[in-house]
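Trainee: I am new to this structure and would be grateful for a close look at a single part of it. Please choose one strand and describe its surroundings in a connected account.

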Amino acid sequence: MTENYGTLYIVGTPIGNLEDITYRAVRILSEVDIIAAEDTRHSLKLLNHLEIKKPLISYHDNNRISRAEELVEKLKEGNNIALISDAGMPAISDPGEELIALAIKEDIKITVIPGCTASIAGLIISGLTTRRFAFEGFLPQKHSERVKHLESIKYEERTIIFYEGPHRVKDMLKDCHSGLGDRPCS
């Protein structure tokens, strides 16, 4: 790690209840120079709730490549940056992995501030086995691609975790039933 570079903090944020943020996350968000946020308007609500006033820079799916380069330059200048997503952990089905990979390549220190993760919370409350599980994230949006992917995991015996938006969940569940068979789900 280069001594005069800043640190990139990957900070978990609440997935519903604003009180689910850790003391450490609040401290880090209060101390960093810049906060890179998936949606600055959404993140501003959290920061206002926490009474934190820091410069916000957008970092989302549409600008993640160019913005990662910009943020790494700011880190090289000595700025400490916190990366947050709208809810949960950055880089888990949210923007972040490109920035993290580039920071590693540039020998920038990275620290993870653990927090809520929807996949684990959902797994625990599901009542399904938690001993072994596979995280699949979002399935492809196109029906044909989704069916093809489900076919590739048809014989998976572990609990499978999927993410899906509320407006597509019915179609996704129908495809899961067709592609994976009659299995318990939550």
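Mentor: Let us begin with a pairing: Y9 has A82 as its bridge partner in β4. The model in which this pairing is found is a predicted one. The strands concerned are β1, residues 7–11, and β4, residues 81–84, which pair in the parallel sense over 3 bridges. Y9 also has a bridge partner in β5, namely T111. The pairing of β1 with β5, which covers residues 109–113, is likewise parallel and extends over 5 bridges. In general, strands of a sheet pair through backbone hydrogen bonds, in either the parallel or the antiparallel sense.

β1 thus has its place between these two partners in an open sheet of 5 strands, whose order is β3-β2-β4-β1-β5 and whose pairing is parallel. The edges of this sheet are formed by β3 and β5, each of which pairs on one side only. If direction is ignored, neighbouring strands are turned against each other by 25° on average.

How well covered is β1 itself? Of its 5 residues, 5 are buried, so that the strand is mostly covered. In a regular strand, side chains alternate between the two faces of the sheet. In β1, one side carries T7, Y9 and V11 and the other carries L8 and I10; every one of these is buried, and both faces are therefore covered.

Helices also pack on this sheet. α3 lies across β1, β2, β3 and β4, and its direction is at about 150° to that of β3. Helix α4, formed by residues 97–105, touches β1, β4 and β5 as it packs on the sheet, and its direction makes about 150° with that of β1. β1 is therefore among the strands touched by α3 as well as by α4.

From β1 we may follow the sheet to the edge strand β3. Strand β2, residues 34–37, runs parallel to β3 and is joined to it by 3 bridges. Within this pairing, A37 has S58 of β3 as its bridge partner. S58 is also touched by N63, as is A68, when residues up to four places away in sequence are not counted. N63 belongs to the loop that leads from β3 (56–58) to α3 (64–76). Its relative accessibility is 12%, and because buried means under 20%, N63 counts as buried.

A second packing, between two helices, may be set beside this. Such a pair is described by the angle between the axes and by the distance between them. For helix α6 (residues 143–152) and helix α7 (residues 169–180), the angle is about 40° and the axes are 9 Å apart. That angle makes α6 oblique to α7. Their crossing is right-handed. On the side of α6 the contact is made by H143, R146, V147 and L150, and on the side of α7 by D171, M172, D175, C176, G179 and L180. By class, this contact has 5 nonpolar, 2 polar and 3 charged residues.

Finally, the whole chain gives the setting of β1. The protein chain has 7 helices and 7 strands, and from the N terminus strands and helices follow one another as β-α-β-α-β-α-β-α-β-α-β-α-β-α. Buried residues make up 39% of its 186 residues. Among contacts with a separation of 6 or more, 71% are between residues 24 or more positions apart. The C-alpha trace spans about 55 × 35 × 30 Å along its principal axes.

Definitions and conventions. Residues numbered from 1 in each chain as written. Predicted model: local features only at pLDDT ≥ 70, side-chain atom pairs only at ≥ 80, totals over all residues. Heavy atoms only, no water. Axes fitted to C-alpha atoms, helices over the stretch in contact; angles between N-to-C directions. Helix = DSSP H or I, 4+ residues; strand = E, 2+ residues; numbered from the N terminus. Parallel < 35°, antiparallel > 145°, perpendicular 65-115°, else oblique. Left-handed = near helix turned anticlockwise from the far one by under 90°. Contact = heavy atoms within 4.5 Å. Nonpolar A, V, L, I, M, F, W, Y, C, P; charged D, E, K, R; others polar. Buried < 20%, exposed > 50% of the residue type's maximum accessible area, 1.4 Å probe, protein only. Pairing = 2+ DSSP bridges.
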